[in-house]
2 protein chains.
Amino acid sequence: MQIALAQINFHVGNFESNSEKIINSIEKAKTQQVDLIVFPELAICGYPPRDFLEFNDFIDKCFSELYKIAQHCTGIAAIIGSPSKNTDNKGKELFNSAFFIADQSIKKVVHKTLLPNYDIFDEYRYFEPNRNFDIIEYKGKRIALTICEDLWNIDNNMLYVTTPMDELKKQNPDIMINIAASPFNYEQELIRKRTLALNCQKYQIPLVYVNHVGAQTELLFDGGSLAMNSKGEIINELSYFEEDYSVITVDSINQSIGATPFEKFTKIEKIHDALVMGIKNYFDKLGFKKAILGLSGGIDSALTLVLAAKALGAENVFAVLLPSEYSSNHSIKDAEDLAKNIDCSYTTIPINKVCESFEDILKPHFKDLPFGIAEENLQARSRAVILMALSNKFGYILLNTSNKSEAAVGYGTLYGDMCGGISVLGDVYKTEVYELSNFINKDKEIIPINSIIKPPSAELRPNQKDSDSLPEYDILDEILYQYIEKRKGPEELVNMGFERPTVDRILKLVNTNEYKRHQTPPILRVSPKAFGMGRRLPIVGKYLS
Amino acid sequence: MQIALAQINFHVGNFESNSEKIINSIEKAKTQQVDLIVFPELAICGYPPRDFLEFNDFIDKCFSELYKIAQHCTGIAAIIGSPSKNTDNKGKELFNSAFFIADQSIKKVVHKTLLPNYDIFDEYRYFEPNRNFDIIEYKGKRIALTICEDLWNIDNNMLYVTTPMDELKKQNPDIMINIAASPFNYEQELIRKRTLALNCQKYQIPLVYVNHVGAQTELLFDGGSLAMNSKGEIINELSYFEEDYSVITVDSINQSIGATPFEKFTKIEKIHDALVMGIKNYFDKLGFKKAILGLSGGIDSALTLVLAAKALGAENVFAVLLPSEYSSNHSIKDAEDLAKNIDCSYTTIPINKVCESFEDILKPHFKDLPFGIAEENLQARSRAVILMALSNKFGYILLNTSNKSEAAVGYGTLYGDMCGGISVLGDVYKTEVYELSNFINKDKEIIPINSIIKPPSAELRPNQKDSDSLPEYDILDEILYQYIEKRKGPEELVNMGFERPTVDRILKLVNTNEYKRHQTPPILRVSPKAFGMGRRLPIVGKYLS
């Protein structure tokens with residue numbers, strides 16, 4: 001039996017485009033005498049559809065597309081992820097299902113048993129878990145069909161009381177097929193491969209695994225669909241961060257020698273490719289072409305500009321230098337050098353006059369109070385007003401350039417530098433920003449070396465440096481990582497060797513700035529714990545704050 | 001047996017304050033020879049604790065507070081909601097539990113079975129469902145103790161496959177006790193009372209029900225704790241929107257005549273009281289006293305100002321009039337009249353000069369392009385910069401004044417009038433804004449009648465009216481209500497009699513403006529479906545858009 005793995009970049013709710021891609025893949029597979037073609041989880045509507053699932057109209061559209069696609073299933077079977085209705089009068093209204101279609105009709109519907117509901121996942125919000133287990137017989141093969149998380153209750157990660165493959169194994173399957181929507185983070189590929197291999201080894205049968213690829217706002221899917229033999233060795237691995245398609249022969253799968261897995265990706269390379277895909281898909285799927293951003297001469301906006309130019313083409317990125325009286329000359333030169341290096345268009349709009357204009361009308365109210373945060377924020381907000389005006393006038397999307405370290409401690413101005421349609425670096429710590437910048441520069445100096453080596457500064461008052469009010473970034477980032485990604489509490493952090501006053505201050509900053517992060521753009525997610533939909537905290541909470 | 005119902009306004013994560021309130025209530029009950037005092041769901045840490053639950057340090061603090069409180073339980077028992085640890089090696093790490101404490105020790109821990117995971121609820125994110133059912137025997141009474149949602153799988157709302165009281169009823173309980181965190185919306189009180197009464201009638205035993213009161217950012221808890229006899233008649237009902245405490249005698253509960261339920265509240269009165277509580281608690285729990293807002297002369301900012309003055313005191317609310325060249329004279333006069341009517345301080349800061357300053361520096365870029373959205377937004381954003389500067393300088397929190405109709409269709413400027421720490425009216429449709437304003441004015445004209453009767457306008461260009469680009473609000477709001485609250489699709493709306501082009505246009509506006517709502521302040525939730533944590537939609541989704 002020949003099975004095709006169709007790793008496609010779907011668009012949530014875009015039925016027309018999704019069905020067209022599915023049908024094209026089916027037609028292509030038919031010309032290759034493929035017996036069965038497999039598409040990812042919820043392929044019909046894209047993943048995650050979120051509350052669109054609560055509209056009957058949306059579910060009806062999933063079904064009408066399935067029937068349309070079924071008409072193309074002649075001489076070939078297809079497995080397609082789609083929501084389905086729970087016809088029982090108890091439990092939630094929907095299942096997260098895999099439709100097995102052959103001879104132009106639906107032969108079997110398998111439901112997902114384990115519904116992830118942690119971090120960015122909300123599946124228990126919509127779906128009833130499966131309680132019945134049946135294998136599918138097709139062309140002499142007994143297929144154990146499961147959906148994503150169904151294979152993850154293995155090893156030491158017993159998050160669920162049921163293990164679907166334990167049930168299916170009783171029916172002597174020949175092969176596992178798993179359709180997935182497993183989002184990227186820089187750790188996920190290795191964990192995923194290990195989890196899938198453990199299943200092959202435990203159940204002693206091979207596996208075909210088909211994952212999503214592409215970005216859905218903040219969620220980035222890296223693809224990496226694969227086939228494994230019953231030893232858990234990879235015999236076929238599809239691309240990362242792009243659509244791909246491959247055909248495997250089931251009968252020889254256990255005779256195949258393990259393929260060389262994709263080892264070329266370091267953590268930083270993965271983050272780089274994920275961010276470029278994230279920017280590109282965000283613009284493509286919204287139907288926008290051009291980005292604008294404020295270029296300060298600092299490293300964050302420099303890196304954002306380079307990534308955007310890679311995603312959209314340098315000709316589609318417009319950089320605006322917005323110097324104030326506190327901007328250093330070298331900052332302006334660094335920004336200009338970068339724009340020239342990557343050949344994108346840029347302009348300079350000094351903000352002194354608008355800031356003075358604000359200060360004039362506020363003077364009767366501020367009276368003789370000293371220069372402070374209010375005046376600093378005026379500069380950041382004046383810049384945002386200018387960038388948004390250009391965005392509104394010419395149809396640019398503004399790129400946010402804040403990094404994760406800043407977002408964590410609230411080192412940024414709400415409605416100022418925290419503006420934008422999408423945050424490119426909001427899940428990238430400052431220390432990782434440096435690593436990414438050095439990676440960009442590995443062959444030649446694209447980001448001016450001066451932007452990399454100078455002390456970070458917001459340049460909102462004379463001679464300001466980030467280190468005036470924050471610990472050095474290597475210490476700050478390690479505390480933030482342990483608190484945010486690893487969820488260590490204050491005592492644990494002190495026991496790890498960090499100074500208590502520093503720990504207390506940082507944790508308080510993180511927790512009291514939740515209100516700022518609530519109002520920021522969606523953040524491209526590259527870590528196991530990003531700010532946004534996967535991290536949900538009270539705003540008026542009073543804990544470590 | 002005497003049971004005390006302790007309806008308390010807790011603060012998420014504020015263990016010191018929460019424990020103090022719990023201990024004070026226990027000590028008070030002890031002086032009254034109360035046998036058992038009942039606190040709401042997750043009383044120990046406040047509800048909803050959200051991802052704080054993922055920190056071991058947070059869970060440890062819950063336990064240490066429980067042990068501290070237990071020392072006060074001499075001669076009295078207490079039921080206190082708290083997370084507890086799942087000691088099994090399968091399933092999620094925590095339960096949502098009720099601790100039964102007597103003689104200074106924990107006698108019994110009951111776990112929640114039905115974990116709501118819809119709308120604003122995320123309980124399956126954190127908790128493993130209960131699978132064991134035991135009643136509690138205390139002073140000769142057999143108590144069926146459940147937690148909130150456990151009583152809601154009744155009638156036609158069979159969202160779950162298990163019904164906890166069906167299991168507990170087999171052990172012949174004498175009374176039900178339910179501890180709850182049931183958030184307010186203007187429909188909830190009646191649904192809640194009906195649900196509770198159905199339980200009394202089905203199981204033929206009385207009920208003691210203790211709910212939270214107070215606001216946790218956007219979630220408003222209305223209290224209304226109660227006791228019901230086995231016919232489902234209310235024999236005791238606690239206050240709404242404020243802390244309360246009451247003692248009932250179990251042995252005579254079925255002899256008690258049904259109390260007159262609180263019938264004084266209309267929908268609009270409920271929304272009014274909820275919003276006032278929501279503003280007050282937001283400021284109190286964040287430790288802020290003073291609010292600022294932009295007062296336009298229109299009805300939305302007028303209503304927001306009156307509600308804020310009721311919540312915080314007129315002396316703590318500062319109104320800023322920010323007229324532009326497009327502001328009408330009557331708008332300025334209406335705003336001034338209102339500020340005088342409620343006796344709050346106000347000032348006027350014309351924005352012409354800062355707008356001109358922006359237009360000057362943008363002129364070389366805008367060239368001769370006609371006046372448009374960019375210029376309109378410049379005005380709204382200049383106002384926001386001024387309000388935020390005053391906020392930063394003097395420690396005000398900026399109140400957002402956008403209503404739900406505007407938020408729905410994106411009729412507002414991101415980083416302009418969509419700014420603020422909390423949105424007061426973001427869950428109140430424009431038609432309800434009028435009803436609330438008339439309610440405010442029921443005894444005398446507080447909101448100038450002119451603000452109520454004049455055609456709504458953003459006043460961002462000459463002679464602009466909302467109805468230039470939107471349907472009349474009575475039609476708009478009905479379509480929005482059917483789409484957002486009732487989740488009707490386009491075909492259903494057309495079948496209800498709305499014109500298809502209008503329906504298509506409105507739904508498209510709602511869906512394409514998800515990106516704006518993603519960056520707005522938390523919204524005080526008063527309806528069954530508010531924008532924010534209870535409504536989760538893709539930003540790059542392509543559905544009805």
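This is a short guided tour of a predicted model, with suggestions on what to select and what you will find there.

**Stop 1: the two chains together**

Start with chains A and B both in view. Two copies of a chain are related by a rotation about an axis and a shift along it. Here, a turn of 180° with a shift of 0.0 Å along the axis lays chain A on chain B, with an RMSD of 0.0 Å. That is how a two-fold axis relates its copies. To find where the axis runs, select A:Gln519: among the residues of chain A, its C-alpha comes closest to the rotation axis, at 2.1 Å. Next, colour the interface residues. Of those in chain A, 100% are interface residues in chain B as well, so the copies meet through the same surface.

**Stop 2: a six-stranded sheet in chain A**

Now show chain A as a cartoon and look for an open sheet of 6 strands, ordered S6-S7-S8-S9-S12-S13, with mixed pairing. Its edges are S6 (136-138) and S13 (234-237), each of which pairs on one side only. On average, neighbouring strands of this sheet are turned by 20° against each other, direction ignored.

Walk in from the S6 edge. S6(A) and S7(A), residues 141-147, run antiparallel and are joined by 3 bridges. Select A:Ile136 and you can pick out its bridge partner in S7(A), A:Ile143. One step further, S7(A) pairs with S8(A) in the parallel sense, over 5 bridges. Here A:Leu145 stands opposite A:Ile177 of S8(A).

Stay on S8(A) for a moment. How many of its residues are buried? The count is 5 of the 5, so this strand is largely enclosed by the rest of the structure. In a regular strand the side chains alternate between the two faces of the sheet. Show the side chains of S8(A) and look at each face: A:Ile175, A:Ile177 and A:Ile179 are on one side, A:Met176 and A:Asn178 are on the other, and all are buried.

Before leaving the sheet, add helix H4(A), residues 188-203. H4(A) lies across S8 (175-179), S9 (207-210), S12 (226-228) and S13 of chain A, and runs at about 35° to S12(A).

**Stop 3: an enclosed helix in chain A**

Select residues 430-440 of chain A, which form helix H11. Of its 11 residues, 8 are buried, so the helix is largely enclosed by the rest of the structure. The buried ones are A:Lys430, A:Glu432, A:Val433, A:Tyr434, A:Leu436, A:Ser437, A:Phe439 and A:Ile440. What do they pack against? Light up five chain A helices to see: H5 (267-286), H6 (299-312), H10 (404-409), H12 (449-453) and H13 (473-485).

**Stop 4: a second sheet, in chain B**

Switch to chain B and find the open sheet of 6 strands in the order S5-S4-S3-S2-S1-S14, where the pairing is mixed. S5 (105-111) and S14 (244-249) stand at the edges with a single partner strand each, so one side of each has no neighbour in the sheet. From one strand to the next, the twist averages 30°.

Inside this sheet, S1(B), residues 2-7, runs parallel to S2(B), residues 36-38, and 3 bridges join them. B:Ile3 has B:Leu36 as its bridge partner in S2(B). Then select residues 56-70 of chain B: this is helix H2, which packs on the sheet and touches S3 (77-85), S4 (94-102) and S5. The direction of H2(B) makes about 160° with that of S3(B).

**Stop 5: a hairpin and a loop in chain B**

Move to S12(B), residues 226-228, and S13(B), residues 234-237, an antiparallel pair joined by 3 bridges. B:Ala227 has its bridge partner in B:Asn236. The hairpin has 5 residues between the strands, and B:Gly232 takes a positive phi near 85° there.

Next, pick B:Asp468, in the loop between H12 (449-453) and H13 (473-485) of chain B. Is B:Asp468 buried or exposed? Its relative accessible area is 57%, and it counts as exposed because the cut-off is over 50%.

**Stop 6: rings and charges**

Finish with the aromatic side chains, which make 36 pairs over all chains. One cluster linked by ring pairs holds A:Phe15, A:Phe52, A:Phe58 and B:Tyr543. Then select B:Lys267, which lies over the face of B:Tyr186, 4.5 Å from the ring centre. For another charge over a ring, see B:Arg517: its charged end sits over B:Phe531, 4.5 Å from the centre of that ring.

Note on methods:
Residues numbered from 1 in each chain as written. Chains lettered and ligands numbered in written order. Predicted model: local features only at pLDDT ≥ 70, side-chain atom pairs only at ≥ 80, totals over all residues. Heavy atoms only, no water. Phe/Tyr/Trp six-rings, centres within 6.5 Å; stacked < 30°, edge-to-face > 60°. Lys NZ or Arg CZ within 6 Å of the ring centre and 35° of its normal. Buried < 20%, exposed > 50% of the residue type's maximum accessible area, 1.4 Å probe, protein only. Helix = DSSP H or I, 4+ residues; strand = E, 2+ residues; numbered from the N terminus. Contact = heavy atoms within 4.5 Å. Pairing = 2+ DSSP bridges. Axes fitted to C-alpha atoms, helices over the stretch in contact; angles between N-to-C directions. Least-squares fit on C-alpha atoms with pLDDT ≥ 70 in both.
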